[in-house]
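Please open the structure in your viewer and keep the sequence panel beside it, since the tour moves from one selection to the next. Each stop names what to select and then describes what is there.

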Amino acid sequence: MSDLQLTVLIPLYNEDESLPELHDWIVRVVTEHRYTYEILFIDDGSTDRSWSVIEQLAARNPAHVRAVRFGRNYGKTAALQVGFKASRGNVVITMDADLQDSPDEIPDLYRMITQDGYDLVSGWKKKRYDPLTKTLPTKLFNGVSRWVSGVQLHDFNCGLKAYRQAVVKSFDLYGEMHRNLPIVAKWNGFGRIGEKVVQHQARKYGNTKFGLDRFINGFLDLLVIAFMHRFSKRPMHFFGGFGTLSFFIGTVLAFYLIGLKLYNISQGLRFRNVTDNPLFFFALVAIILGVQLFLAGFVGELLIRQNHHRPEDYLIAERIETE
């Protein structure tokens with residue numbers, strides 16, 4: 001266990017206007033509650049003055065501000081992955097940099113982890129100030145996520161979350177997996193997942209980064225997570241299962257057509273060549289597909305044994321560490 005009670009992890013992209021206010025608000029809250037803490041900014045390749053602002057904040061608060069700057073924009077998932085690996089606090093609280101997440105929620109989130117025994121607590125923005133074009137896709141995504149995962153949360157994608165340190169150290173994130181962190185945590189063995197209604201504030205500076213492409217990518221990554229959870233260690237069970245079924249159906253159908261022809265010949269009935277029957281080509285495709293799926297499962301098993309884990313690297317341009 002670390003002596004540091006709390007890491008406040010803030011991934012950001014072009015949020016220079018909000019950072020000073022957010023920093024001061026966090027410091028005020030954690031100081032009032034006498035937490036030992038660090039504020040960890042992950043600048044995801046901002047093109048505005050965000051890094052300059054972070055440097056100024058680090059100069060003002062050198063004992064508590066740390067930061068990482070990417071050489072280019074990788075996305076929120078990459079920022080969180082690097083931030084989780086760099087975090088030192090026993091409890092890690094993530095929040096967005098746009099001031100829509102309130103630092104006043106920090107004490108209750110910290111208590112739910114340290115005293116109530118949760119592994120992860122996810123914020124629920126029950127009353128939102130986002131446009132309908134964002135809230136409707138979010139509700140649909142949350143519904144599908146509940147159905148696929150069995151994790152009964154109202155708001156999977158809320159940026160305001162609290163984690164036990166062991167949870168964040170277990171993550172290996174890529175794509176748009178930041179939308180599905182409670183699911184990843186559950187399937188990593190951390191099943192005590194709670195939810196807290198949190199205040200959602202209207203955006204004060206800048207513009208939203210939400211787009212339809214992120215919504216679609218979130219769904220695709222949800223499917224990837226579900227597949228990887230069930231079959232990443234045993235791809236033959238997935239590909240081999242479907243391959244065996246397809247091969248079996250094709251073989252039975254082919255033997256049926258051959259048997260039917262032989263029977264008609266033996267009875268002196270009219271018959272046609274097996275290859276003249278459209279079902280023969282369906283059987284042939286099923287057999288070939290079955291063999292290919294089986295081989296895909298076999299190759300997947302070989303890859304797992306030879307290359308079990310390959311982390312993704314991100315170009316880090318600069319770091320700021322505490323004094």
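The tour begins with the whole chain and then turns to cores, a cavity, helices and individual loop residues.

**The whole chain**

Keep in mind from the outset that this is a predicted model. Show the protein chain as a cartoon, and you can trace 10 helices and 8 strands. Colouring by burial brings out that 47% of the 323 residues count as buried. If you display contacts between residues at least 6 apart in sequence, 82% of them join residues at least 24 apart. Switching to a surface view, you are looking at about 16,800 Å² of accessible surface, with 58% of that area belonging to carbon and sulfur atoms.

**The largest nonpolar core**

Next, select Leu 6, Ile 10, Ile 26, Phe 41 and Ile 106, which touch the most other members of the largest nonpolar core, a set of 37 residues. Its members come from several elements, and at least two residues each are supplied by the strands β1 (6–12), β2 (37–43), β3 (65–70) and β4 (91–94) and by the helices α1 (19–32), α2 (50–60) and α4 (106–114). Of the contributors, α1 gives the most, with 6 residues. Apart from this core lies another, of 30 residues, and Leu 9, Phe 84, Tyr 163 and Val 167 are among them.

Now centre the view on Ile 106 and ask which residues it is in contact with, leaving aside neighbours within four places in sequence. The partners of Ile 106 are Leu 6, Val 8, Ile 26, Val 29, Tyr 35, Ile 93 and Met 95.

**Helix α4 and the loop before it**

Widen the selection to the whole of α4, where Ile 106, Pro 107, Leu 109, Tyr 110, Met 112 and Ile 113 are buried. The buried residues of this helix pack against the strands β1, β4, β5 (120–124), β6 and β7 (193–197), and also against α1.

Step back along the chain to Asp 104, in the loop between β4 and α4. Asp 104 has a relative accessible area of 47% and is therefore partly exposed, as the cut-off for exposed is over 50%. Beyond its neighbours within four places in sequence, Asp 104 is in contact with Trp 25 and Val 29. A distance label drawn from the C-alpha atom of Asp 104 to that of Gln 199 should read 9.0 Å, although these positions lie 95 residues apart in the count along the chain.

**The largest cavity and helix α3**

With cavities displayed, the structure holds 2 of 30 Å³ or more, and the largest has a volume of about 80 Å³. To find the largest cavity, select Lys 76, Leu 80, Thr 94, Cys 158 and Gly 159, which lie nearest its centre among the 13 residues that line it. The lining divides into 6 nonpolar, 4 polar and 3 charged residues, and α3 (76–86) and β6 (161–164) each supply at least two of its residues.

Select α3 next: is this helix largely enclosed or not? Because 9 of its 11 residues are buried, α3 is largely enclosed by the rest of the structure. The buried residues are Thr 77, Ala 78, Ala 79, Leu 80, Gln 81, Val 82, Gly 83, Phe 84 and Ala 86.

**Two residues with positive phi**

Most residues other than glycine have a negative phi. Select Asn 14, in the loop between β1 and α1, where phi is near 55°; Asn 14 counts as partly exposed at 23% relative accessibility. Then move to Arg 34, in the loop between α1 and β2, which has a positive phi of about 60° and counts as exposed at 75% relative accessibility.

**Two asparagines to finish**

Select Asn 188, in the loop between α7 (181–187) and β7, which counts as partly exposed at 36% relative accessibility. Leaving aside neighbours within four places in sequence, Asn 188 is in contact with Ser 170 and Phe 171. From Asn 188 to Ser 170, the C-alpha separation is 7.1 Å, with the two residues 18 apart in sequence.

The last selection is Asn 264, in helix α9 (residues 235–266). Asn 264 counts as buried because its relative accessibility is 15%, and buried means under 20%. Not counting residues up to four places away in sequence, Asn 264 touches Leu 269, Arg 270 and Phe 271.

Conventions
Residues are numbered from 1 along each chain as its sequence is written. This is a predicted model: local features need pLDDT of at least 70, side-chain atom pairs count only at pLDDT 80 or more; totals for chains, interfaces and linings use all residues. Side-chain values use heavy atoms; hydrogens and water are left out. Helices (H or I, at least four residues) and strands (E, at least two) are DSSP runs, numbered from the N terminus. Buried means under 20% relative accessible area, exposed over 50%, partly exposed in between (1.4 Å probe, protein chains only). Contact means heavy atoms within 4.5 Å. Accessible areas come from the Shrake-Rupley method with a 1.4 Å probe; for residues, only the protein chains shown count as cover. On a 1 Å grid over the protein atoms alone, a cavity is a set of points where a 1.4 Å probe fits but cannot get out, and a pocket is an open set with protein on both sides within 12 Å along at least five of seven lines; lining residues have an atom within 4 Å of a point. Grid points are joined across faces, edges and corners, and a volume is the space filled by probe spheres set on the points. Ala, Val, Leu, Ile, Met, Phe, Trp, Tyr, Cys and Pro count as nonpolar, Asp, Glu, Lys and Arg as charged, and the others, Gly among them, as polar. A nonpolar core is a set of buried Ala, Val, Leu, Ile, Met, Phe, Trp, Tyr and Cys residues joined through side-chain atoms within 4.5 Å.
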